[in-house]
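Welcome! Open your viewer, get your selection tool ready, and follow along one stop at a time.

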Amino acid sequence: MTTRTIDTLTIAPESRVTEWERHLRAELFKAKCIPLDGTSFRGVQTNDDLGRIGVTSVRVSSHVLEHDPEDVGPEGDVLVSFLVEGEAVIGQAGRWLHLSPGDVVLCPSGVAFTYVSTQPIHALVLRIPQALFRLVHEAPLERPLAIRRQGGARRFDQHALVEDLARWLSSGPRDGAAQMQGRVIGI
């Protein structure tokens, strides 16, 4: 497994958005990125793989992301985004969902969406093949679904999973990828 990273601070300001879009297209999906705050765009993205599941850590300044699924395969992926810091709104399939820290949103990559963050955010994103998602859940994901962070909820502890994924992404040589993939699939 090879970690792939982009930090736009290492790129000339006039090329940052273009290079960010190029990296995003190679690692997650094709999208147009529109910075919001009038200052130079800033983003750091680290990508790796847990077997068939892609794992991405994203820290990015305020922006709008417009995803057009024209280049997605026949089924696409399910994108599972854990919002760690900041706030965001995602619109897809006629639904708009507001996300706060600790919330999780699942959305199909084969359906266009708009992601708006009016402040800097930190998110962890899992890219799960739709076929694998359907194998576990017995149905494809066709529209966005938000899972709110609830104090004391034992059914799905987003915070613990995010901490484990972040620790795994930042560790040196990747040990335990199979175990982490099994945990993600199990949840």
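Begin inside the protein. Select strand E11 (121-129), which contributes the most to the lining of the largest cavity, with 3 residues. Keep in mind as you explore that this is a predicted model.

**Stop 1: the cavity**

How many cavities of 30 Å³ or more does a search of the whole structure find? The search gives 1. The volume of the largest cavity is about 240 Å³. To find the middle of this space, select Phe29, Leu65, Ser81, Tyr115 and Val125, which are the closest to its centre among the 19 residues that line it.

Now colour the elements that give two or more residues to this lining: helix H1 (16-27) and strands E4 (53-60), E5 (63-67), E6 (77-85), E9 (104-108), E10 (113-117) and E11 (121-129). What kinds of residues make up the lining: nonpolar, polar or charged? The lining has 16 nonpolar residues, 3 polar ones and no charged ones.

**Stop 2: strand E10 and its two faces**

Next, select E10 and show its side chains. On the covered face you will find Phe113, Tyr115 and Ser117, while Thr114 and Val116 are on the uncovered face. You have already met Tyr115, as one of the residues closest to the centre of the largest cavity.

Now add the partners of E10. Strand E5 pairs with E10 in the antiparallel sense, over 5 bridges. Try finding two places where they match up: His63 stands opposite Ser117, and His67 has Phe113 as its bridge partner. Then show strand E7 (residues 88-92), which also runs antiparallel to E10 and is joined to it by 4 bridges. Here, look for Gly91 opposite Thr114.

**Stop 3: strand E5**

Keep E5 selected and bring in strand E2 (residues 31-35). These two strands run antiparallel, with 5 bridges joining them. One pair to look for is Ile34 and its bridge partner in E5, Val64. Why is E5 described as largely enclosed by the rest of the structure? The reason is that 4 of its 5 residues are buried.

**Stop 4: Val80, a buried residue**

Move to strand E6 and pick out Val80. Is Val80 buried or exposed? Val80 has a relative accessible area of 8%, and because buried means under 20%, this residue counts as buried.

Now show what surrounds Val80. Leaving aside residues up to four places away in sequence, Val80 touches Val104, Val105, Leu106, Leu124, Val125, Leu126 and Ile128. Draw a distance line from Val80 to Val104: they are 24 residues apart in sequence, and their C-alpha atoms are 6.8 Å apart.

**Stop 5: three loops**

Time to look at some loops. Select Thr10, in the loop between strand E1 (4-7) and H1. Thr10 counts as exposed because its relative accessibility is 69%, and exposed means over 50%. From its C-alpha atom, draw a line to that of Arg42: the separation is 10.0 Å, for two residues 32 positions apart along the chain.

Your next pick is Glu70, in the loop between E5 and E6. Glu70 is also exposed, with a relative accessible area of 55%. Its C-alpha lies 8.7 Å from that of Ala112, although 42 residues separate the two in sequence.

For the third loop, go to Ala93, between E7 and strand E8 (95-99). Ala93 is partly exposed, at 48% relative accessible area. What can you notice about its backbone? Ala93 has a positive phi of about 55°, although it is not a glycine. Most residues other than glycine have a negative phi.

**Last stop: the whole chain**

Zoom out and show everything. The chain holds 4 helices and 12 strands. Of its 187 residues, 47% count as buried. Switch on a surface view: the chain exposes about 9200 Å², and 52% of this area comes from carbon and sulfur atoms.

Finally, think back to the distance lines you drew. How much of the contact in the chain with a separation of 6 or more comes from residues 24 or more positions apart? Such residues account for 70% of those contacts.

Technical notes: Residues are numbered from 1 along each chain as its sequence is written. This is a predicted model: local features need pLDDT of at least 70, side-chain atom pairs count only at pLDDT 80 or more; totals for chains, interfaces and linings use all residues. Side-chain values use heavy atoms; hydrogens and water are left out. On a 1 Å grid over the protein atoms alone, a cavity is a set of points where a 1.4 Å probe fits but cannot get out, and a pocket is an open set with protein on both sides within 12 Å along at least five of seven lines; lining residues have an atom within 4 Å of a point. Grid points are joined across faces, edges and corners, and a volume is the space filled by probe spheres set on the points. Ala, Val, Leu, Ile, Met, Phe, Trp, Tyr, Cys and Pro count as nonpolar, Asp, Glu, Lys and Arg as charged, and the others, Gly among them, as polar. Buried means under 20% relative accessible area, exposed over 50%, partly exposed in between (1.4 Å probe, protein chains only). Two strands pair if DSSP finds at least two bridges between them. Contact means heavy atoms within 4.5 Å. Accessible areas come from the Shrake-Rupley method with a 1.4 Å probe; for residues, only the protein chains shown count as cover.
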